[in-house]
Amino acid sequence: MMPPKITDLPENAINAILMSLPLRDAVRTSILSKKWRYKWCKLPELTLDDKLWKTTDNLPSPSIRFTTIMYNILTLHSGPLTKFTLSMSELKKYPKIDSLIHFLSRNGIQHLVLQFSKWNRYKLPSSFFTRSQLRHLTLQNCLICPPPAFEGFNMLISLELCHVSISSEALENLISSSPLLENLVLKMSDNSNHIQIKAPKLRSFEFTGCIKFISLKNVPQLAKLSLLCGESFEESEKCDLDKFFQSHPALEHLHLEYGSAQFLVAEAPTRLSSALNYLKHLYVSLDELNDLSCALCLIRSSPCLQDLEVEVSMEESDDKVDEVSASFSDVGLNQVKTVKIAGIIGTKLEMELIKLLLAKSPMLVRMIIQPDQLLVDKEKGVKILAELSTFQRASRKAEVECQLE
């Protein structure tokens, strides 16, 4: 039996091939045969990036090339367009973008990605805020000023804002007026004072940036939370750690990067009043000694914890050794299976934490230890490994791997 010819492939297979190619190459497939001519014009997903209008000294400027390319796409494309990506990170001028945005707003697009240069943020036109069918939205280096009549994106499921300029009030309104929002990513380079998030369907929230206070209200389904707070966390308003986690009983994944623990609380309780019964994955970065108290509180309050990852970058403190020992006196980490501790240099505090985790985890399968590569030489690494080998293990299956290189 003869294998099928490329010209005889079904429509969905052809689309899959074309969408896996850069748009320039997808357009060139028109020369394969009459059946393939203008097949790219019916693609449901298009990506326009800097590669399309890069030029040499002998060719027109990128701005002129972009205008030509955009005109051809608007003229030739037919059929539904569900996903569109525009990446102009290397262009400092944006010709005819408003026309493109208007075109997209009239074509029921569901997934939109707009990425612009950090040197020149693009102000979204009013026509952008009329997309009722939008379900996935990513904006980078944009100036967002919704018109007064903006009523939100009723179908929006995921929203990612990277280094955009938007007022706190406009951001809060954008989020609260998207009732189906499940995934939210905020990567903010501008300092913000306060953000209040109301999203009853929200399942995942990732925040990176400098802010004084984040208020998460009406997010009962929040299962994944990631915080990385920048240099301004010292000026941030502290929240009540116990009340904060009472509002998020469904948490399964918690990721606290540098500064996040201090952003959350000035002084942590020994244990939360309400256990985090669904928390299975915890990552915490210990940059200051106060971070340790927060981490110990979360570990003690998570009876179903399965995966624990700790990034260590603390100064030595003999006083904290006793606190760590006392924190585990009545705790059994009965479901912890994997532990990773990175950045250690072999202090008493670090070794005591490792020792207790091994002694209190009867279901432990694997523990990975990664010493600080800059501060721990091979000789010191061997000493750390030798001390680790003397620690008792509650789990017979537990393997301890010390990655010295």
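**Exercise 1. The cavity.** Find which residues line the largest cavity, and say which element gives the most to that lining.

*Solution.* Start with the meaning of the term: on a 1 Å grid over the protein atoms alone, a cavity is a set of points where a 1.4 Å probe fits but cannot get out, and lining residues have an atom within 4 Å of a point. The lining of the largest cavity consists of Leu286, Leu292, Ala295, Leu296, Ile299, Leu308, Val310 and Leu353. This is a predicted model, in which local features need pLDDT of at least 70 and side-chain atom pairs count only at pLDDT 80 or more, while totals for chains, interfaces and linings use all residues. Residues are numbered from 1 along each chain as its sequence is written, and side-chain values use heavy atoms, with hydrogens and water left out.

Next, bring in the secondary structure, where helices (H or I, at least four residues) and strands (E, at least two) are DSSP runs numbered from the N terminus. Both α8 (289-300) and β13 (307-312) supply at least two residues of the lining, and α8 gives the most, with four residues.

Then sort the lining by residue class. Ala, Val, Leu, Ile, Met, Phe, Trp, Tyr, Cys and Pro count as nonpolar, Asp, Glu, Lys and Arg as charged, and the others, Gly among them, as polar. The lining divides into eight nonpolar residues, no polar and no charged.

Finish with the volume, meaning the space filled by probe spheres set on the points, with grid points joined across faces, edges and corners. The largest cavity comes to about 40 Å³, and the structure holds one cavity of 30 Å³ or more.

**Exercise 2. The whole chain.** Describe the protein by its secondary structure, burial and contacts.

*Solution.* Count the elements to begin with: there are 11 helices and 16 strands.

For burial, use relative accessible area: buried means under 20%, exposed over 50%, and partly exposed in between (1.4 Å probe, protein chains only). By this rule, 46% of the 405 residues count as buried.

For contacts, look for heavy atoms within 4.5 Å. Among contacts with a separation of 6 or more, 65% join residues 24 or more positions apart.

**Exercise 3. Two asparagines with positive phi.** Where do Asn141 and Asn218 lie, and is each buried or partly exposed?

*Solution.* A reminder helps here: most residues other than glycine have a negative phi. Asn141 nevertheless has a positive phi of about 55°, and Asn218 also has a positive phi of about 55°.

Now place them. Asn141 sits in the loop between β5 (136-140) and β6 (142-143), while Asn218 belongs to the loop between β9 (204-217) and β10 (224-229).

Last, check accessibility. Asn141 is buried, because its relative accessibility is 5%; Asn218 is partly exposed, because its value is 48%.

**Exercise 4. Around Phe116.** Which residues does Phe116 touch beyond four places in sequence?

*Solution.* Phe116 is part of strand β3 (residues 111-116). With 1% relative accessibility, Phe116 counts as buried.

Its contacts beyond four places are Leu86, Met88, Ser89, Tyr94, Ile97, Tyr122, Gln140, Asn141 and Cys142. The C-alpha atoms of Phe116 and Asn141 are 5.4 Å apart, with their positions 25 residues apart in sequence.

Now step to Gln140, in strand β5. Gln140 is partly exposed at 23%, and its contacts outside four places are Leu114, Gln115, Phe116 and Cys162.

**Exercise 5. A helix residue and a loop residue.** Is Leu174 buried or partly exposed, and what about Lys360?

*Solution.* Leu174 belongs to helix α5 (residues 168-176). Leu174 is buried, because its relative accessibility is 5%. Beyond four places in sequence, Leu174 contacts Phe150, Phe153, Leu159 and Leu161.

Lys360 occupies the loop between α10 (348-359) and β15 (366-371). Lys360 is partly exposed, because its relative accessible area is 23%. Outside four places in sequence, Lys360 touches Phe328, Ser329, Val331, Gly332, Leu333 and Asn334.

**Exercise 6. Disulfides.** How many disulfides does a search of the whole structure find?

*Solution.* Apply the criterion, a pair of cysteine sulfur atoms within 2.5 Å. The search finds zero. As for individual cysteines, Cys145 is partly exposed at 40%, and Cys304 is partly exposed at 24%.

Methods:
On a 1 Å grid over the protein atoms alone, a cavity is a set of points where a 1.4 Å probe fits but cannot get out, and a pocket is an open set with protein on both sides within 12 Å along at least five of seven lines; lining residues have an atom within 4 Å of a point.
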